Structures are given as C-alpha cells and as structure tokens.
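Dear colleague,

I am handing over the structure we discussed, with my notes underneath. Please read them with the model open.

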Amino acid sequence: MRNLIRQGIEELVPYPPGKPIEELERELGIRSPIKLASNENPIGPSPMAVEAIRQKLGSLNRYPDGSGYYLKEKLSEKFGVPPEQIILGNGSNEIIELIVRTFLSPGDNVIQAFPTFLVYEKIVKGAGGTMTSVPLSGSRPDLDAMLREVTSETKVIFLNNPNNPTGALLKHEEIAAFLKALPGDIVVALDEAYIEFVTEAGAADGIRLLSENPTLIALRTFSKLYGLAGLRIGYGFSSPALIDYMNRVRQPFNANLLAQAAATAALDDIEFVEKTLSIVREGLRYLYKSLDAMGLEYIPTQTNFFLIRIPGGGKPLYERLLKKGVIVRAMDSFGLSDYIRISVGLPDENRRFIEALGRCLGCF
Ligand SMILES: Cc1ncc(COP(=O)(O)O)c(C=O)c1O
C-alpha cells in the first residue's frame, strides 16, 4: 500500500480532537459530561448569528456567494482593511491549508515553534513539505532560534500568537523585528485565533503589520470568540497579491451560506462578545485561585485555555477525569506528557472540573 500514497503521509497520525460529549455519554454511559478540551466558547453561539441562520434556512437550495461580498464588506469596515485583502475559509483551518497549497511545493521547508497547533505540521507533511520545529523558549516561540533555521528551502513560517497550547503572547515589536529580519520571499502565517482574548498591553496585531509586510497573512476565526466552531468559518488578511493567489486555489463555495450570514451578524453582537470575555476572565481568576490553593503549577494564559502541570502525568489524569464526566486535553501529542490543557468553561463547569481534579489527585 505504501507506494500508493504521497510522500510524508505514512508518518502522519490522525489529528486527535477533543473527545466529543456524545461519545463519552455513549461509551461510558455518563450523563451530562462537560467538555473543556477544545478551546470552544462555553456560553453557546452568538444569538445574533443564530437568528441570521434561521432567516437563511429557506435559501439553502442556492449556492453561497462565492465572493463572500457582505461578510468581507463587514470585516473591511470593522478592521479597516479593503475587501481585496481579505480571504474567507471553511474555518481558519482551511486557510492554513490554502496557504500550504498555494505557496509550498513538495520538498519545500516550513518552520514552526513547537509545541504549537498540530494542524500546521499535518497539512505541511500531507502536502509533501518538510517541517522544522523550533523548541519554545519557556512557553514562548524563540524567534531568534527560528530565524537561524531559515534556509533557501524555507517557503512558509507558521507563528501562532498567542500560542496554542501555552497561551503565551509575543509583543508587537518582537514580531515586527522578526519580520524585518526575514528574507522577503517567505510567507509568514500569523495565526491569531485567540487574539481577542488577550489582556496584556502591546500584543502584536497582524493587521497593523500588513502594510510593511506584503508576505504576511494574519488568520482569524469565528470559532472561539463568536462561538461558531461547529459552523466552520474563518478569515485572513494579507496583501492583494497573496489573497489573489489563494483565491485561485480555493474552491468557489468554500465559505457556506449559513456561515457567511451568521458571521456577518456575529460581528455586530457586542453584548455576546462582552459576555464571553467576562466569563473567560472570571473563569481564569477562579481556576488560578483554586489551583494555587491545591498547590498545582500552571502556565498563565492570554487566551481561553491553559496548561496545568500534573506531577503523575497528564494522560492518567485525563483518563480518570473522563470517568467523572470531565473532558480535558491530554498533551502527549504535543510532547507535554506532564500537562493537561483545559479551556475555561461556565462557572459551574469550572467548579465541577476543580472538584473532579481534587478528587482524582486526592487533594481534598
Ligand atoms: C491556533 C489555532 N488556530 C486555528 C484553529 C482553528 O480554527 P478554526 O475553527 O477557525 O478552523 C484553532 C482551533 O483550535 C487553533 O487553536
């Protein structure tokens, strides 16, 4: 079978998604489990998005607008970037794929900091590229070390800010200096999936970096802040030239009809956005305080998720928490076997997690 597949596929393993709630109910017969594993929005989808979907249901016999006109107009207005510098995707995951398909040839090299979002490597290797993973310095990407890895084969760099899974943030000046030091023919994909959760001052902002960096692509998503992960809609900003190239590669109807309508409405849902941010901030305060009281180490985050160090290993704890109906993320596939990652949930979910954790660790 080996000679059937493209080079690089053999060594890939399927992406390990957070365990779905339904699966836990089915497999272990657990009633109302909670899921804190996939950095989702715990309060639900934006109500304005849901209403927009309702209104569009009768139009499902039609193809979506392949140009995404209204959503791009709305994004353009909100972020001050012209529509010709915006691309839409079936989740920002699809834009990651489009970047690789547009700018990478088999054998080309990509650089990432590691641990980071596992999808970059998967897509690069699936396309026959090679991935250079540069270890984080503490919890942050080591930009100097990444620069040292650049060769004439390097075509794309993935940088996730704040970084999943560590939640660490790079500042504007740091990324600006990094981009300046790079050769001009490398595409830099700056994945800002969690940028709206940042509270620290001076965060890098991909949009502000665009004018001086025509090969930069800033990626964002409606999956997290707007609670639309199940709908699959993301967006990216870049120079008109790079957007044009990616548009040549993308499928004509990649952003579906309901997703476009929902995302356009969600951008106006200020109340929902504020509620989400406040739930996450309060949740983090409660979780940090509880973990401090239990004497557990964690990595403070600039996102809606964070890493907790588990002395006995993350995977055994993950299994024990599952049996108590709490789904978190084991980190073996990120090379962090001493950690679990949790997403901030609703206040009651956070309490259930802390109680279950305490019981599993014998702290209470
Ligand atoms: C760093 C990062 N980028 C992108 C995504 C995917 O976003 P989307 O749902 O828009 O494909 C995620 C989702 O977990 C993520 O953690």
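**A strand residue and its surroundings**

Phe-158 is found in strand β5. Please keep in mind throughout that this is a predicted model. Phe-158 has 26 other C-beta atoms within 10 Å and is therefore buried, the threshold being 20 or more. Apart from neighbours within four places in sequence, Phe-158 is in contact with Val-110, Gln-112, Tyr-120, Ala-189 and Asp-191. As for distance across the model, the C-alpha atoms of Phe-158 and Gly-66 are separated by 27 Å, with these positions 92 residues apart along the chain.

**Helix α4 against helix α5**

Tyr-120, one of the contacts of Phe-158, also takes part in a helix pair. Helix α4 covers residues 92–103 and helix α5 covers residues 119–126; their axes come within 10 Å and cross at roughly 35 degrees. The crossing is right-handed. On the α4 side the contact is made by Asn-93, Ile-96, Glu-97 and Val-100, and on the α5 side by Val-119, Tyr-120, Ile-123 and Val-124. These residues divide into six nonpolar, one polar and one charged.

Asn-93 appears again around the ligand. The ligand is surrounded by 13 residues, and the closest are Gly-91, Ser-92, Asn-93, Thr-221 and Ser-223. By class, the shell consists of three nonpolar, nine polar and one charged residue.

**Helix α3 against helix α10**

The second helix pair is α3 (residues 69–79) with α10 (residues 257–266), whose axes come within 9 Å and cross at roughly 25 degrees. That angle makes α3 roughly parallel to α10, because angles under 35 degrees are counted that way. The crossing of α3 past α10 is left-handed. Tyr-70, Leu-71 and Lys-74 are the α3 residues in the contact, and they meet Gln-260, Ala-263 and Thr-264 of α10. Sorted by class, the contact has three nonpolar, two polar and one charged residue.

Gly-68 lies in the loop between α2 and α3. Gly-68 is buried, because 25 other C-beta atoms lie within 10 Å. Not counting residues within four places in sequence, Gly-68 is in contact with Leu-88, Ala-255 and Gln-260; Gln-260 is also one of the α10 residues that meet α3. Gly-68 and Gly-236 are 168 residues apart along the chain, and their C-alpha atoms are separated by 13 Å.

Which residues does Ala-49 touch beyond its neighbours in sequence? Ala-49 sits in helix α2, residues 47–56. Leaving out residues up to four places away, Ala-49 touches Tyr-226, Leu-228, Ala-262, Ala-265, Ala-266 and Asp-269. With 27 C-beta neighbours inside 10 Å, against a cut-off of 20, Ala-49 counts as buried. Ala-49 and Ala-259 are 210 residues apart in sequence, yet 8.7 Å apart in space, C-alpha to C-alpha.

**Backbone points to check**

Most residues other than glycine have a negative phi, and most peptide bonds are trans. The following places depart from that pattern.

- Phe-114 and Pro-115 are joined by a cis peptide bond, with omega about 5 degrees. Pro-115 is in the loop between β3 (109–114) and α5.
- Asn-164 to Pro-165 is a cis peptide bond as well, with omega near 25 degrees. The loop that holds Pro-165 runs between β5 (154–160) and α7 (172–181), and β5 is the strand of Phe-158.
- Asn-39 has a positive phi, near 55 degrees, and is not a glycine. Asn-39 is in the loop between β1 (34–35) and α2. Asn-39 has 23 other C-beta atoms within 10 Å, so Asn-39 is buried.
- Arg-232 is another residue other than glycine with a positive phi, about 70 degrees. Arg-232 lies in the loop between β7 (216–221) and β8 (234–237). Arg-232 has 20 C-beta neighbours inside 10 Å and therefore counts as buried, since 20 or more is what the cut-off asks for.

Regards

Key:
Residues numbered from 1 in each chain as written. Predicted model: local features only at pLDDT ≥ 70, side-chain atom pairs only at ≥ 80, totals over all residues. Axes fitted to C-alpha atoms, helices over the stretch in contact; angles between N-to-C directions. Helix = DSSP H or I, 4+ residues; strand = E, 2+ residues; numbered from the N terminus. Parallel < 35°, antiparallel > 145°, perpendicular 65-115°, else oblique. Left-handed = near helix turned anticlockwise from the far one by under 90°. Contact = placed C-beta atoms within 7 Å. Nonpolar A, V, L, I, M, F, W, Y, C, P; charged D, E, K, R; others polar. Buried ≥ 20, exposed ≤ 12 C-beta atoms within 10 Å, placed from the backbone. Near = placed C-beta within 6 Å.
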